Amino acid sequence: MPTPKLKSSATSSQNSKVIVRRKKPVTVRSAYSEAEREEIFRRFSIQRPEPKGELEHSNPFTLVVAVALSAQATDAGVNKATRALFKAADTPEKMLALGEERVRDYIKTIGLYRNKAKNVIALSQMLVDTFGGVVPQTRDELVMLPGVGRKTANVVLSMAFGQATMAVDTHIFRIANRIKLAPGKTPDEVEERLMKVVPKHYLYHAHHWLILHGRYTCKARKPECERCVIADICKSPEKTWDVPAPLVELPPQVIGEAVE
(Lines give C-alpha, C1' and ligand atoms only; values in the text may rest on other atoms or scores of the structure.)
Protein backbone atom coordinates (compact mmCIF):
# COMPACT_ATOMS: atom_id res chain seq x y z
CA MET A 1 0.00 0.00 0.00
CA PRO A 2 1.54 3.30 -1.07
CA THR A 3 2.50 5.69 1.65
CA PRO A 4 0.29 8.78 1.54
CA LYS A 5 2.11 11.95 0.64
CA LEU A 6 2.34 14.45 3.44
CA LYS A 7 2.36 18.17 2.84
CA SER A 8 5.69 19.69 3.69
CA SER A 9 5.86 21.84 6.78
CA ALA A 10 6.73 24.79 4.56
CA THR A 11 3.59 24.29 2.50
CA SER A 12 1.41 23.83 5.58
CA SER A 13 2.89 26.90 7.17
CA GLN A 14 2.37 28.86 3.99
CA ASN A 15 -1.25 27.75 3.64
CA SER A 16 -2.03 28.51 7.27
CA LYS A 17 -1.01 32.14 6.98
CA VAL A 18 -3.86 34.53 7.64
CA ILE A 19 -3.85 37.60 5.44
CA VAL A 20 -4.80 40.63 7.50
CA ARG A 21 -5.90 43.58 5.42
CA ARG A 22 -5.37 46.78 7.29
CA LYS A 23 -7.99 49.46 6.90
CA LYS A 24 -6.57 52.35 4.94
CA PRO A 25 -6.73 55.64 6.81
CA VAL A 26 -9.33 58.01 5.42
CA THR A 27 -7.66 60.84 3.52
CA VAL A 28 -8.31 64.25 5.02
CA ARG A 29 -10.04 66.30 2.37
CA SER A 30 -11.49 69.78 2.71
CA ALA A 31 -11.93 72.67 0.30
CA TYR A 32 -11.02 75.06 3.11
CA SER A 33 -7.71 76.17 4.53
CA GLU A 34 -7.04 75.92 8.23
CA ALA A 35 -7.68 79.67 8.58
CA GLU A 36 -11.00 79.39 6.75
CA ARG A 37 -12.14 76.49 8.93
CA GLU A 38 -11.22 78.48 12.01
CA GLU A 39 -13.30 81.41 10.77
CA ILE A 40 -16.32 79.24 9.90
CA PHE A 41 -16.57 77.83 13.41
CA ARG A 42 -15.71 81.15 15.04
CA ARG A 43 -18.79 82.62 13.38
CA PHE A 44 -20.96 79.67 14.37
CA SER A 45 -19.77 80.11 17.97
CA ILE A 46 -20.86 83.75 17.98
CA GLN A 47 -24.21 82.93 16.39
CA ARG A 48 -24.97 80.11 18.85
CA PRO A 49 -22.61 80.23 21.86
CA GLU A 50 -24.31 77.26 23.57
CA PRO A 51 -26.01 75.12 20.91
CA LYS A 52 -28.24 72.30 22.14
CA GLY A 53 -29.77 69.17 20.79
CA GLU A 54 -33.52 69.46 20.28
CA LEU A 55 -34.65 66.13 21.69
CA GLU A 56 -36.36 66.41 25.07
CA HIS A 57 -34.88 64.18 27.77
CA SER A 58 -34.30 64.16 31.51
CA ASN A 59 -31.39 61.74 31.96
CA PRO A 60 -28.99 59.56 29.90
CA PHE A 61 -31.57 56.76 29.61
CA THR A 62 -34.33 58.95 28.18
CA LEU A 63 -31.74 60.49 25.84
CA VAL A 64 -30.73 57.06 24.51
CA VAL A 65 -34.38 56.19 23.92
CA ALA A 66 -35.19 59.55 22.30
CA VAL A 67 -32.23 59.39 19.91
CA ALA A 68 -32.99 55.77 18.99
CA LEU A 69 -36.59 56.77 18.25
CA SER A 70 -35.49 59.72 16.11
CA ALA A 71 -34.24 57.56 13.24
CA GLN A 72 -36.29 58.52 10.16
CA ALA A 73 -38.35 60.89 12.28
CA THR A 74 -38.18 64.56 13.22
CA ASP A 75 -37.09 65.72 16.65
CA ALA A 76 -40.38 67.60 17.02
CA GLY A 77 -42.36 64.43 16.24
CA VAL A 78 -40.32 62.37 18.70
CA ASN A 79 -40.78 64.99 21.44
CA LYS A 80 -44.56 64.89 21.05
CA ALA A 81 -44.56 61.12 21.50
CA THR A 82 -42.03 60.88 24.33
CA ARG A 83 -43.41 63.53 26.68
CA ALA A 84 -46.09 61.17 27.96
CA LEU A 85 -43.85 58.09 27.62
CA PHE A 86 -41.08 59.55 29.78
CA LYS A 87 -43.56 60.67 32.43
CA ALA A 88 -44.58 57.04 32.74
CA ALA A 89 -41.12 55.50 32.37
CA ASP A 90 -37.84 57.38 32.77
CA THR A 91 -35.68 54.41 33.82
CA PRO A 92 -34.99 51.01 32.21
CA GLU A 93 -36.83 49.28 35.05
CA LYS A 94 -39.96 51.39 34.60
CA MET A 95 -39.83 50.90 30.82
CA LEU A 96 -39.72 47.11 31.27
CA ALA A 97 -42.66 47.31 33.68
CA LEU A 98 -44.57 49.27 31.04
CA GLY A 99 -44.07 46.52 28.47
CA GLU A 100 -43.75 46.51 24.69
CA GLU A 101 -47.45 46.88 23.92
CA ARG A 102 -47.87 50.01 26.03
CA VAL A 103 -44.64 51.50 24.72
CA ARG A 104 -45.98 50.91 21.23
CA ASP A 105 -49.16 52.81 22.11
CA TYR A 106 -47.15 55.81 23.30
CA ILE A 107 -44.96 56.05 20.18
CA LYS A 108 -47.38 54.98 17.42
CA THR A 109 -47.19 58.43 15.79
CA ILE A 110 -43.50 57.81 15.01
CA GLY A 111 -42.39 55.97 11.89
CA LEU A 112 -41.38 52.30 12.35
CA TYR A 113 -42.92 52.41 15.83
CA ARG A 114 -43.46 48.65 16.14
CA ASN A 115 -39.81 47.79 15.63
CA LYS A 116 -38.71 50.77 17.73
CA ALA A 117 -40.91 49.64 20.63
CA LYS A 118 -39.22 46.22 20.51
CA ASN A 119 -35.81 47.91 20.58
CA VAL A 120 -36.76 50.16 23.50
CA ILE A 121 -37.74 47.12 25.57
CA ALA A 122 -34.70 45.12 24.42
CA LEU A 123 -32.23 47.92 25.19
CA SER A 124 -33.89 48.47 28.57
CA GLN A 125 -33.50 44.75 29.32
CA MET A 126 -29.83 44.81 28.34
CA LEU A 127 -29.20 47.91 30.47
CA VAL A 128 -30.67 46.11 33.47
CA ASP A 129 -29.04 42.72 32.81
CA THR A 130 -25.61 43.84 31.61
CA PHE A 131 -25.04 47.35 32.92
CA GLY A 132 -26.90 47.43 36.21
CA GLY A 133 -29.54 49.81 34.86
CA VAL A 134 -26.91 52.48 34.10
CA VAL A 135 -26.22 53.86 30.61
CA PRO A 136 -22.59 53.03 29.72
CA GLN A 137 -20.15 55.79 28.83
CA THR A 138 -18.18 54.19 26.00
CA ARG A 139 -19.10 53.90 22.32
CA ASP A 140 -18.28 50.19 22.16
CA GLU A 141 -20.71 49.45 24.98
CA LEU A 142 -23.44 51.79 23.74
CA VAL A 143 -23.58 50.21 20.28
CA MET A 144 -24.22 46.85 21.94
CA LEU A 145 -27.70 48.12 22.84
CA PRO A 146 -30.49 47.13 20.40
CA GLY A 147 -31.43 49.99 18.10
CA VAL A 148 -28.32 52.01 19.00
CA GLY A 149 -25.87 52.69 16.19
CA ARG A 150 -22.75 54.79 16.01
CA LYS A 151 -24.63 58.06 15.45
CA THR A 152 -26.88 57.48 18.47
CA ALA A 153 -23.89 56.52 20.59
CA ASN A 154 -22.04 59.70 19.58
CA VAL A 155 -25.04 61.88 20.47
CA VAL A 156 -25.30 60.26 23.90
CA LEU A 157 -21.56 60.54 24.55
CA SER A 158 -21.70 64.23 23.71
CA MET A 159 -24.97 65.34 25.29
CA ALA A 160 -25.03 63.08 28.34
CA PHE A 161 -21.33 62.68 29.11
CA GLY A 162 -19.64 65.77 27.67
CA GLN A 163 -17.39 63.99 25.18
CA ALA A 164 -16.35 65.67 21.92
CA THR A 165 -17.88 63.48 19.20
CA MET A 166 -19.28 63.96 15.71
CA ALA A 167 -22.74 62.44 15.31
CA VAL A 168 -23.24 62.40 11.54
CA ASP A 169 -26.95 62.59 10.78
CA THR A 170 -28.57 63.48 7.44
CA HIS A 171 -28.01 67.21 8.02
CA ILE A 172 -24.30 66.89 8.77
CA PHE A 173 -23.74 64.40 5.95
CA ARG A 174 -25.41 66.81 3.52
CA ILE A 175 -23.58 69.91 4.80
CA ALA A 176 -20.14 68.27 4.86
CA ASN A 177 -20.58 67.25 1.21
CA ARG A 178 -22.54 70.26 -0.07
CA ILE A 179 -20.11 72.92 1.16
CA LYS A 180 -17.09 70.60 0.69
CA LEU A 181 -16.03 70.95 4.31
CA ALA A 182 -15.35 67.22 4.73
CA PRO A 183 -16.80 65.31 1.78
CA GLY A 184 -17.23 61.57 2.05
CA LYS A 185 -19.26 58.73 0.58
CA THR A 186 -20.43 57.33 3.92
CA PRO A 187 -21.34 58.78 7.33
CA ASP A 188 -18.25 57.06 8.80
CA GLU A 189 -15.98 58.75 6.25
CA VAL A 190 -17.55 62.13 6.92
CA GLU A 191 -17.25 61.60 10.68
CA GLU A 192 -13.57 60.72 10.48
CA ARG A 193 -12.79 63.67 8.22
CA LEU A 194 -14.74 66.17 10.31
CA MET A 195 -12.95 65.03 13.44
CA LYS A 196 -9.70 65.98 11.68
CA VAL A 197 -10.68 69.24 9.96
CA VAL A 198 -12.76 70.92 12.69
CA PRO A 199 -10.49 73.04 14.94
CA LYS A 200 -10.04 71.13 18.19
CA HIS A 201 -11.21 73.99 20.42
CA TYR A 202 -14.53 74.08 18.55
CA LEU A 203 -15.03 70.32 18.30
CA TYR A 204 -17.32 69.84 21.31
CA HIS A 205 -20.14 72.00 19.87
CA ALA A 206 -19.35 71.42 16.17
CA HIS A 207 -21.91 68.70 15.49
CA HIS A 208 -24.73 70.80 16.94
CA TRP A 209 -23.65 73.87 14.97
CA LEU A 210 -23.63 71.87 11.74
CA ILE A 211 -26.96 70.16 12.47
CA LEU A 212 -28.68 73.46 13.26
CA HIS A 213 -27.09 75.15 10.26
CA GLY A 214 -28.43 72.38 8.03
CA ARG A 215 -31.85 72.38 9.68
CA TYR A 216 -32.54 76.12 9.61
CA THR A 217 -30.27 77.73 7.00
CA CYS A 218 -28.57 75.34 4.58
CA LYS A 219 -31.80 73.43 4.06
CA ALA A 220 -32.04 70.28 1.99
CA ARG A 221 -34.39 71.46 -0.74
CA LYS A 222 -33.31 75.08 -1.00
CA PRO A 223 -30.47 76.56 1.03
CA GLU A 224 -31.23 80.05 2.33
CA CYS A 225 -27.84 81.52 1.46
CA GLU A 226 -28.90 85.09 2.20
CA ARG A 227 -29.34 84.08 5.86
CA CYS A 228 -25.95 82.35 6.07
CA VAL A 229 -23.17 83.80 8.22
CA ILE A 230 -20.51 82.00 6.17
CA ALA A 231 -21.86 82.88 2.70
CA ASP A 232 -18.64 84.66 1.73
CA ILE A 233 -16.46 81.68 2.72
CA CYS A 234 -18.73 78.88 1.48
CA LYS A 235 -17.43 76.97 -1.54
CA SER A 236 -20.64 75.14 -2.41
CA PRO A 237 -21.46 75.05 -6.15
CA GLU A 238 -25.10 75.51 -5.09
CA LYS A 239 -24.40 78.85 -3.41
CA THR A 240 -26.70 81.68 -4.54
CA TRP A 241 -25.39 84.49 -2.32
CA ASP A 242 -21.92 85.60 -1.29
CA VAL A 243 -22.59 88.31 1.27
CA PRO A 244 -22.62 86.96 4.84
CA ALA A 245 -25.66 87.55 7.04
CA PRO A 246 -25.12 89.83 10.06
CA LEU A 247 -23.08 88.02 12.69
CA VAL A 248 -25.29 88.35 15.74
CA GLU A 249 -26.25 85.94 18.50
CA LEU A 250 -29.52 84.18 17.77
CA PRO A 251 -32.36 84.03 20.31
CA PRO A 252 -32.09 81.14 22.79
CA GLN A 253 -33.31 77.79 21.47
CA VAL A 254 -36.72 76.68 22.65
CA ILE A 255 -36.35 72.92 22.98
CA GLY A 256 -39.40 70.93 21.98
CA GLU A 257 -40.89 73.56 19.71
CA ALA A 258 -38.51 73.34 16.81
CA VAL A 259 -39.89 73.69 13.31
CA GLU A 260 -38.37 71.14 10.95
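**Aromatic rings, cores and crossing helices**

Both Tyr202 and Trp209 are buried, and in this predicted model they offer a good place to start reading the structure. Ring pairs join Tyr202 and Trp209 with Phe41 and Phe44 into a cluster.

A pair of aromatic rings is described by the distance of the centres and the angle of the planes. The count of aromatic pairs comes to three. In the edge-to-face pair formed by Phe41 and Phe44, the centres are 5.8 Å apart and the planes stand at 85° to one another. Both of these residues belong to helix 2, which covers residues 34-47, and they are three residues apart, about one turn of the helix. Is Phe41 buried or exposed? Phe41 counts as buried because its relative accessibility is 0%, and Phe44, with a relative accessible area of 3%, is buried because that value is under 20%. Tyr202 and Trp209 also form an edge-to-face pair, with 6.0 Å from centre to centre and 70° between the planes.

From the rings we can turn to the nonpolar cores. In soluble globular proteins, nonpolar side chains tend to be buried together. Here the largest nonpolar core has 33 residues, and those with the most contacts inside it are Met95, Val103, Leu123, Leu142 and Leu145. Two or more residues of this core come from each of helix 3 (60-69), helix 4 (75-88), helix 5 (92-98), helix 7 (113-131) and helix 9 (150-159). Which helix gives the most to this core? That is helix 3, with seven residues. Leu123 shows what such contacts look like for one residue: once its neighbours within four places in sequence are left aside, Leu123 is in contact with Phe61, Val64, Val65, Leu145, Pro146 and Val148. There is also a second, separate core of 30 residues, which includes Ile40, Val190, Val229 and Cys234.

The last step concerns how two helices are arranged. Helix 10 (residues 170-178) packs against helix 12 (residues 203-216) at an angle of about 85°, and their axes are 8 Å apart. Because angles of 65 to 115 degrees count as roughly perpendicular, helix 10 is described as roughly perpendicular to helix 12. On the side of helix 10, the residues that meet the other helix are His171, Ile172, Arg174 and Ile175, while helix 12 brings His207, Leu210, Ile211, His213, Gly214 and Arg215. Taken by character, the residues of this contact between helix 10 and helix 12 divide into four nonpolar, four polar and two charged.

Conventions:
Residues numbered from 1 in each chain as written. Predicted model: local features only at pLDDT ≥ 70, side-chain atom pairs only at ≥ 80, totals over all residues. Heavy atoms only, no water. Phe/Tyr/Trp six-rings, centres within 6.5 Å; stacked < 30°, edge-to-face > 60°. Helix = DSSP H or I, 4+ residues; strand = E, 2+ residues; numbered from the N terminus. Buried < 20%, exposed > 50% of the residue type's maximum accessible area, 1.4 Å probe, protein only. Core = buried A, V, L, I, M, F, W, Y, C linked by side-chain atoms within 4.5 Å. Contact = heavy atoms within 4.5 Å. Axes fitted to C-alpha atoms, helices over the stretch in contact; angles between N-to-C directions. Parallel < 35°, antiparallel > 145°, perpendicular 65-115°, else oblique. Nonpolar A, V, L, I, M, F, W, Y, C, P; charged D, E, K, R; others polar.
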